[in-house]
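User: I'm new to this one, so please pick a single part and take a close look at it with me. After that, lead me on to other places worth a glance.

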Amino acid sequence: MTWKDPSIYINRIYVEESCLELACTRDILARAGLPWSVVPERGKPNGLDEEYVGNLSAGKRQLYLCRNRGVFFKPCPGTREYQCCDYQVLNTGTNCPIDCVYCILQAYLNTPWLTFYVNTEDLLQELEQSLAVHPQRFFRIGTGEFTDSLALDRLTCLCRPLVQSIGRKNNAVLELKTKSAVIDNLQGLDHRGRTIIAWSLNSPVIMKKHELRSATLEERLEAARQCAAWGYRLAFHFDPIIDHPGWQAGYKETIDKLFATVPADAIAWISLGALRFIPSLKDIGIRRFPRAKIYFNEFVQGLDAKSRYFRPHRVALYKVIYALLKRKASDTTCIYFCMESDEIWQEVMGFAPGDKGGLPQMLDRVVR
Ligand code: SF4
């Protein structure tokens, strides 16, 4: 059994009444070939939210196609206290069929099903307008904040209009971040180097045991190699870095395989971020995955109220992984921390983002 395409886990689709005639809805229903039912306007697809945590697993099989009545495009909710990369989030839907033990969405959302916004014409129009009103500003945009960017793409095919739309812009890049290997729709697009395809990576044992229904390391890297051959820039995110028995050998194995498979100079950036979570996630994670050990460690509450490993512990993890990456990475690849302090940057990398103009500028320079 392979989970290169986790959308095969979905077994039922619900459609909000007013979205029935949208071309996007019709196309998804035709591609999926699954049973579907109509939900009254602004209604709920089912009662799974009444016992939210208990139904998180069942919700992963149910896809709700509805309208986003709010904004699609907004700044990533980073925290002022840490070095933030100034990312813009394009909200295409919520939740995904993969099930990660550490997924923050378990505590962040209150609906257990998968949601995809089928008013994609509105999304594309809003994106177009947002970029047009700030022609001097450079945007790094991602769709992977509230879902996996490609896990549903076999059904939605959203990456095609998105990649082509961003390809026509000079003031933006799009990052599609995934743990799947769903890349077929990326072939043959006029992306003009403006889309970066990114994979989250971890040590093999964490990927296997804590990222259920995700593509294997080999499947992710083979997909990345193929995307590089299609001319896309790549990115990789070691996030969350998790302390576990054998972590040094595990991260080394992943990094060795990464650089053995993918051309180093195709990689735009690599991020590092140690495990962190809001307090309510711990109870949910332990209840859903009682055998997982990741929440049983010593944590300190950070300035953003998230639990993290103590600073010396984070530095020890980062130093090993950063050294492994530096040995093989291209000089043009930006290796950075997601939400860490200047002190950590100094201790591990020997400089703070401010020395190089700031983290957003460091990342912009790679892709502009
Ligand atoms: S792939 Fe991302 S969105 Fe999906 S469960 Fe894992 S962490 Fe959450």
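Analyst: Let's start with one word we'll need a lot: a residue is called buried if 20 or more other C-beta atoms lie within 10 Å of its own, exposed if there are 12 or fewer, and partly exposed in between. Thr254 makes a handy test case: it has 22 C-beta neighbours inside 10 Å, so it counts as buried. Keep in mind that what you're looking at is a predicted model.

The part I'd pick for the close look is strand β10, residues 172-178. How many of the residues of β10 are buried? Seven of the seven, so the strand is largely enclosed by the rest of the structure. You can check this face by face: Ala172, Leu174, Leu176 and Thr178 point to one side, Val173, Glu175 and Lys177 to the other, and all of them are buried. Both faces of the strand are covered, then.

What about the strands that pair with β10? As background, strands of a sheet pair through backbone hydrogen bonds, either parallel or antiparallel. One partner of β10 is strand β9, residues 139-142, which pairs with it in the parallel sense over four bridges. If you want a spot to look for, Ile141 stands opposite Leu174. Another partner is strand β11, residues 195-201, also parallel to β10, this time over five bridges. There, Thr178 of β10 has Trp199 of β11 opposite it.

Now follow β10 to a helix. In α6, residues 159-167, the buried residues are Cys159, Leu162, Val163 and Ile166. They span an arc of only 95° around the axis, which puts them on the same side of the helix. What covers them? The list includes α5 (153-156), and also β10 and β11. In the loop between α5 and α6 you'll find Cys157, which has a positive phi of about 55° even though it isn't a glycine. Its 17 C-beta neighbours inside 10 Å make Cys157 partly exposed.

Next, the nonpolar core. In soluble globular proteins, nonpolar side chains tend to be buried together. Here the largest such core has 99 residues, and those touching the most other members are Leu65, Ile197, Leu234, Ala235, Phe236 and Ile267. The biggest contribution to this core comes from strand β14, residues 267-274, with six residues. Ile197 leads straight back to our strand: leaving aside neighbours within four places in sequence, its contacts are Leu176, Leu186, Ala224, Cys227, Tyr232 and Leu234. Leu176, you'll recall, is one of the buried residues of β10.

Staying with β14 for a moment, Ile270 sits in that strand. It has 23 C-beta neighbours inside 10 Å, so it is buried. Which residues does Ile270 touch, not counting those up to four places away in sequence? They are Ala235, Phe236, Phe238, Leu325, Ala329, Thr333 and Ile335. Two of those names, Ala235 and Phe236, came up among the residues with the most core partners.

Back to Thr254, our test case. It belongs to helix α9, residues 247-261. Again skipping residues up to four places away in sequence, Thr254 touches Leu201, Asn202, Ser203, Pro204 and Leu217. β11 covers residues 195-201, and α8 covers 217-229, so you can find Leu201 and Leu217 on those elements.

A couple of backbone oddities deserve a look too. The peptide bond from Asp239 to Pro240 is cis, with omega near 5°, and Pro240 lies in strand β13, residues 233-241. Arg213, in the loop between β12 (211-212) and α8, has a phi near 65°, a positive value in a residue other than glycine.

Last stop, the ligand. Which residues surround it? Cys96, Ile98, Asp99, Cys100, Cys103, Leu105, Thr147, Asp148 and Lys179 do. By class, that shell has five nonpolar, one polar and three charged residues. And Lys179 takes you back to where we began, as β10 runs over residues 172-178.

Methods
Residues numbered from 1 in each chain as written. Predicted model: local features only at pLDDT ≥ 70, side-chain atom pairs only at ≥ 80, totals over all residues. Near = placed C-beta within 6 Å. Nonpolar A, V, L, I, M, F, W, Y, C, P; charged D, E, K, R; others polar. Helix = DSSP H or I, 4+ residues; strand = E, 2+ residues; numbered from the N terminus. Pairing = 2+ DSSP bridges. Core = buried A, V, L, I, M, F, W, Y, C linked by C-beta atoms within 7 Å. Contact = placed C-beta atoms within 7 Å. Arc of directions from axis to C-beta.
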